[in-house]
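Reader: I'm new to reading protein models, and I'd like to start with one side chain and work outwards. Could you take me through it step by step?

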Amino acid sequence: MNHCRIALMTLALLLSPLALQAQDMPSFNLTIKAGRFYPETVEVPANTKFRLLIKNEGPGPEEFESIELRKEKVLAPGASSFLIFQPLKQGTYKFFGDFHPDTAQGRFVAK
């Protein structure tokens, strides 16, 4: 019994820095609705790892995609998910919705 307890305590100590890192990471919300992103411009801190929380309010599926950042995520209507981005240099980075590329256009502005 003591060996299991020691193993669990060791595991908790090893994972706690990762949990703290995830809590300290800035998060930004992005909503997809009717083939558009809200907001279209997401300002993020430059040189800082961040989390993008994505929610698709429908009515159909949509895919968040950024070719230059090499990220994509398909969400069914009503689904939520997230993506983790490595630190970006100052600048503008485009993303789009693959199911509605004409209307679902957005960008990150790293400042």
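Reader: Which residue has a backbone oxygen that the side chain of Asn-56 reaches at 3.5 Å?
Author: Look for a polar contact, a pair of N or O atoms within 3.5 Å; within protein, one must be able to donate a hydrogen and the other to accept it, and residues adjacent in sequence count only if both atoms are side-chain atoms. At 3.5 Å from the side chain of Asn-56 sits the backbone oxygen of Ala-76.

Reader: Thanks! What kind of model is this?
Author: Residues are numbered from 1 along each chain as its sequence is written, and side-chain values use heavy atoms, leaving out hydrogens and water. Local features need pLDDT of at least 70, side-chain atom pairs count only at pLDDT 80 or more, totals for chains, interfaces and linings use all residues, and the model is predicted.

Reader: How far is the backbone nitrogen of Gly-58 from a polar atom of the side chain of Asn-56?
Author: Asn-56 touches Ala-76 and Pro-77, among others, not counting residues up to four places away in sequence; contact means heavy atoms within 4.5 Å. Turning to Gly-58, its backbone nitrogen lies from a polar atom of the Asn-56 side chain at 2.8 Å.

Reader: Is Asn-56 buried or exposed?
Author: Buried means under 20% relative accessible area, exposed over 50%, and partly exposed in between, using a 1.4 Å probe and protein chains only. Asn-56 has a relative accessibility of 1%, so it counts as buried.

Reader: Which strand holds Asn-56?
Author: Helices (H or I, at least four residues) and strands (E, at least two) are DSSP runs, numbered from the N terminus. The run from 50 to 56 includes Asn-56, and this is strand S4.

Reader: Which strand pairs with S4 in the parallel sense over six bridges?
Author: Two strands pair if DSSP finds at least two bridges between them. One bridge partner of a residue in S4 is Phe-28, which is matched with Leu-52. The parallel partner, covering residues 27-33, is strand S1.

Reader: Which strands stand at the edges of the sheet with the order S2-S1-S4-S7?
Author: This is an open sheet of four strands with mixed pairing. Each edge strand has a single partner, so one side of each is left without a neighbour in the sheet. These edge strands are S2 (36-38) and S7 (80-85).

Reader: What is the order of the open sheet of five strands?
Author: Its pairing is mixed, and its edge strands, S3 (41-44) and S6 (71-75), each pair on one side only. Within this sheet, S5 (62-66) and S8 (91-97) pair in the antiparallel sense over two bridges. Read across, the order is S3-S9-S8-S5-S6.

Reader: Which residue has the nearest side chain of opposite charge to Glu-65?
Author: Glu-65 lies in S5, and its bridge partner in S8 is Phe-96. Lys and Arg count as positive and Asp and Glu as negative, with His and the chain ends not counted, while a salt bridge is a side-chain nitrogen of Lys or Arg within 4 Å of a carboxyl oxygen of Asp or Glu. Glu-65 is buried yet has no salt bridge. At 11 Å, its nearest side chain of opposite charge is Arg-70.

Reader: Where is Gly-35?
Author: At 5% relative accessibility, Gly-35 counts as buried. Gly-35 touches Glu-62, His-100, Thr-103 and Ala-104, not counting residues up to four places away in sequence. Its place is in the loop between S1 and S2.
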